[in-house]
Amino acid sequence: MATALNSYEAAGITAETAIFTAPTATEQVILHLSVANVGAGDALINIKRNNVHFAKGVPVAVGGTFIGESKIAFKTGDTLKVSSDVAVDVLVSTGDVTP
């Protein structure tokens, strides 16, 4: 059961960027994930938990948005990372679960 809601964002990223890391003694579940293409061309985006891709080379048209539709659990220390070949904005909402 979520005990707190959190929001993380990053604007205009291209290089692999850590969006959030689950804090000590807390697990987090991604409730919403969106990656908006704000660049001048089509984007290919990559999304990882730690070093494991759960989306790789996903095309997002100019002005388009990728919406993650699955809930993904993050344990203490797990990190969400996003990269793209053109500028993208990332918005993530999570719920904390204290084990």
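Which residues have the most contacts inside the largest nonpolar core? They are I19, L33, I45, I47, L80, V90 and V92, and the core has 22 residues. A nonpolar core here is a set of buried Ala, Val, Leu, Ile, Met, Phe, Trp, Tyr and Cys residues joined through side-chain atoms within 4.5 Å. Buried means under 20% relative accessible area, exposed means over 50%, and partly exposed lies in between (1.4 Å probe, protein chains only). Among the strands that each supply at least two residues of this core are β1 (4-13), β3 (27-37) and β9 (88-97). In soluble globular proteins, nonpolar side chains tend to be buried together.

Before going further, a word on the model. This is a predicted model, in which local features need pLDDT of at least 70 and side-chain atom pairs count only at pLDDT 80 or more, while totals for chains, interfaces and linings use all residues. Residues are numbered from 1 along each chain as its sequence is written, and side-chain values use heavy atoms, with hydrogens and water left out. pLDDT is the predictor's confidence in each residue, from 0 to 100. Its mean for the protein is 94, and 97% of the residues reach 70 or more. Confidence is lowest in strand β7 (residues 72-74), at a mean of 93, and highest in β8, at 98.

**The open sheet**

Strands (E, at least two residues) are DSSP runs, numbered from the N terminus. Four of them form an open sheet in the order β2-β8-β4-β5, with antiparallel pairing. β2 (17-21) and β5 (52-60) each have a single partner strand, so one side of each is left without a neighbour in the sheet. Two strands pair if DSSP finds at least two bridges between them. β2 and β8 pair over four bridges, and β4 and β5 over six. β4 and β5 also form a hairpin with two residues between them, and N50 in the turn has a positive phi of about 60 degrees.

I45, one of the core residues named at the start, stands opposite V58 in β5. Among the residues that I45 touches are V35, A55, F66 and V88; contact means heavy atoms within 4.5 Å.

**Three polar residues to look at**

T79 lies in strand β8 (residues 79-84) and is the bridge partner of T21. Its relative accessibility is 12%, so T79 counts as buried. Q28 is found in strand β3 and is buried too, with a relative accessible area of 1%. T76 lies in the loop between β7 and β8 and, at 41% relative accessibility, counts as partly exposed.

The table lists polar contacts of these residues: pairs of N or O atoms within 3.5 Å, where within protein one must be able to donate a hydrogen and the other to accept it, and residues adjacent in sequence count only if both atoms are side-chain atoms.

| Side chain | Partner | Distance |
|---|---|---|
| T79 | T21 side chain | 2.9 Å |
| Q28 | Y8 side chain | 3.0 Å |
| T76 | A25 backbone nitrogen | 3.3 Å |
| T76 | T26 backbone oxygen | 3.3 Å |

Leaving out residues up to four places away in sequence, T76 touches A22, P23, T24, A25 and T26. With the same exclusion, the neighbours of Q28 include A22 and P23, and those of T79 include K48, R49 and N50.
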